[in-house]
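This report covers a strand pairing and a set of salt bridges. Please have the sequence and the structure at hand while reading.

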Amino acid sequence: MDKSGVSKTCILGDRSTSDVIVHLRNRDGRLEWFYCHSSVLSEKSKSLAAQLTSLDSTNYIEVNCSESDYDYHVRLLRLLYLPTDILIDSWDSVRTALGVLRTAISLQCDEIIQSCIQYLEAIPWEGKEEDEILNAVSKLGPIAMPILARIQPVDLNATKNVLLSAIRFATSSAESHPPFSDDLKISAQEQVEYMLVEDEETALITADGEVKSEVKMGLCRMFSLLTQELDSLLSESNLLSREVEKRVLRRLLDLEWICSILPKMELMKDFVSGWYDISNTLLGVVEDKKFDSTIWDVKVKLLDITAKVLDVVGYGTVILPAPTRVQLLKTWLPYIRKTKPLLDLKGDEKTGFPYKMDETLCQNIEGAIISLILTLPSNDQADILADWMQVEQVRYPDLSEAFEVWCYRTKSAKRRLVVGLDGVGNATVSL
C-alpha cells in the first residue's frame with residue numbers, strides 16, 4: 001500500500017477496519033487500547049513491524065512506556081497515520097518534538113525521526129534542551145548531521161577570526177559604534193574572556209601571533225583613549241566635567257578588564273609598560289586642585305589598577321630594571337599614602353560614601369609594595385623607608401616588615417664586609 005493510501009483509507013481508532021490493537025502500559029499499570037492497522041504500523045515502524053510478524057492467535061501488541069513518555073507514545077501513534085509531507089506542521093515546541101523523537105527512535109519510525117530532526121534543527125533551543133537533544137541524537141549517525149552542525153566545534157581559524165573581531169570591538173570606544181551601547185561592549189569583553197578560559201584550543205589561540213598583535217593594538221588604543229579623556233577632563237567646564245568623568249571611568253574599567261586576559265597571553269608586561277608611561281599624566285590630572293573633592297570614583301579605580309601593576313612587578317611576574325621599579329614606586333606611593341586617609345575621612349564624614357579602599361585592596365597593595373621595596377638596591381630602599389618614616393603620622397601602607405628586613409640586611413652586609421676585610425687584608429671591597 002502506498003503512503004498516501006495508508007493515510008486515506010486508515011483512521012486510528014476505527015474498529016471497523018482495525019486488525020491489530022496496541023496496548024500502551026506504563027509502570028503504574030495504566031492501560032489504554034488503540035485500534036490500529038497492521039499495514040500502517042509495519043510500514044512506519046520497524047520495531048512494530050517485527051512484533052507483527054511474531055503475533056500468535058491474539059491480535060494485539062503491548063508497548064511498555066514510562067508515565068512521563070506515555071503522552072508521546074500516544075502522539076506518535078497518531079502521527080503514524082499522517083502523510084509524510086505534513087508531519088513537519090505537527091510540531092509546536094522543542095519539548096514535544098524531543099519527546100516524540102525519543103519514542104520514534106525506540107520504535108524505529110524513520111519518517112518521524114527525520115521530521116523531528118528537521119523541526120529541531122530550525123528553531124532555537126534553551127541550554128538544557130540542547131543537552132537533551134544531543135543525548136537523543138548522538139547514536140543516529142548521518143541523519144542527525146543537520147542538528148550536530150549547529151553545535152560542532154569550528155576550526156581553529158574560524159575561532160581565531162571571531163576572537164579577533166571581538167577583541168577589536170571590546171577594545172574600541174563605544175562611541176565609535178553607534179547605535180551600540182556600553183552594554184554591548186561589556187558583553188563583547190565578557191565573551192572574549194570566556195573564549196580564553198583554559199582548554200585544549202586556548203593555548204593555540206593565545207600563542208597566535210596575529211591574536212597577540214591585535215590585543216597589543218587594542219591595549220594601545222585603550223591607553224590613547226584614556227589620555228585623551230583625561231585631557232578633556234582637565235580642560236572642560238564644571239558643567240561638562242561630570243560627563244567626561246564618566247568616560248574616563250569607562251576607559252579605566254576597560255583597562256581593568258584587559259588585565260584579566262593579558263596574563264593568559266603573557267602580555268602583562270605590555271600593560272605595565274603602558275601604565276608606567278602614562279602614570280605622571282594620570283596623577284597630574286587627578287591631583288589637580290580642581291579635583292580635590294571630586295572624581296572619587298576615578299581616584300579609587302586608579303588604585304585598583306595600580307594594585308595589579310604593583311603586584312605583578314613586586315612579586316616578579318613582570319621583570320623590570322631596578323631604576324624602572326624605583327621610579328614606579330616613587331611615582332605611586334605618595335598618591336596611595338595621600339588618597340587612603342582622604343577616603344577614610346570622607347567615609348567617616350559622609351554616611352553612605354561609596355568610594356573606599358576595602359580591606360582586600362589595602363592588603364594587596366601593602367604586600368606588593370613591601371615585596372617591591374625589598375627587590376630594590378639597598379640605597380633606594382633606604383630613601384623610600386626614610387621618607388615613609390618622616391611623615392608626621394605613619395599610617396598606610398605599613399612598611400614595618402620591609403624596614404625590619406632592610407635593617408637585618410644592612411647589618412648582615414656590614415658583617416660580610418668585615419669578614420671580607422679580615423680575609424683579604426687591605427684589599428678594596430665595594431658593595
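## Terms and model

A residue is called buried when its relative accessible area is under 20%, exposed when it is over 50%, and partly exposed in between. The model is predicted.

## Asp110 and Lys46

With a relative accessible area of 38%, Asp110 is partly exposed, because this value falls between the cut-offs of 20% and 50%. Asp110 forms a salt bridge with Lys46, and the closest N and O atoms of the two are 3.1 Å apart. Asp110 belongs to helix α6 (residues 110-122) and Lys46 to helix α3 (residues 46-53), so this pair ties together parts that are 64 residues apart in sequence.

Side chains of opposite charge can pair when their charged atoms come close. By the rule used here, the model has 18 salt bridges.

## Arg168 and Glu214

A salt bridge also joins the side chains of Arg168 and Glu214, at 3.2 Å from N to O. The pair links distant parts of the chain: Arg168 is in helix α9 (residues 156-170) and Glu214 is in helix α12 (residues 209-235), 46 residues apart.

Arg168 has 36% relative accessibility and counts as partly exposed. Glu214, at 7% relative accessibility, counts as buried, because buried means under 20%.

## Asp387, Arg337 and a network

The side chains of Asp387 and Arg337 meet in a salt bridge of 3.2 Å, N to O. Asp387 lies in helix α18 (residues 378-390) and Arg337 in helix α16 (residues 322-349), so the pair ties together parts that are 50 residues apart in sequence. Asp387 is partly exposed at 41% relative accessibility, whereas Arg337 is buried, with a relative accessible area of 15%.

Arg95, Arg102 and Glu132 are joined into one network by salt bridges that share partners.

## Strands β1 and β3

Strand β1 (residues 20-25) and strand β3 run parallel and are joined by 5 bridges. Leu24 has Val63 in β3 as its bridge partner.

Which side chains of strand β3 (residues 60-64) are buried, and which are not? The side chains alternate along the strand. Ile61 and Val63 point to one face and are buried. Tyr60, Glu62 and Asn64 point to the other face and are not buried. Val63, the bridge partner of Leu24, is thus on the buried face of β3.

Notes: Residues are numbered from 1 along each chain as its sequence is written. This is a predicted model: local features need pLDDT of at least 70, side-chain atom pairs count only at pLDDT 80 or more; totals for chains, interfaces and linings use all residues. Side-chain values use heavy atoms; hydrogens and water are left out. Buried means under 20% relative accessible area, exposed over 50%, partly exposed in between (1.4 Å probe, protein chains only). Helices (H or I, at least four residues) and strands (E, at least two) are DSSP runs, numbered from the N terminus. Two strands pair if DSSP finds at least two bridges between them. A salt bridge is a side-chain nitrogen of Lys or Arg within 4 Å of a carboxyl oxygen of Asp or Glu.
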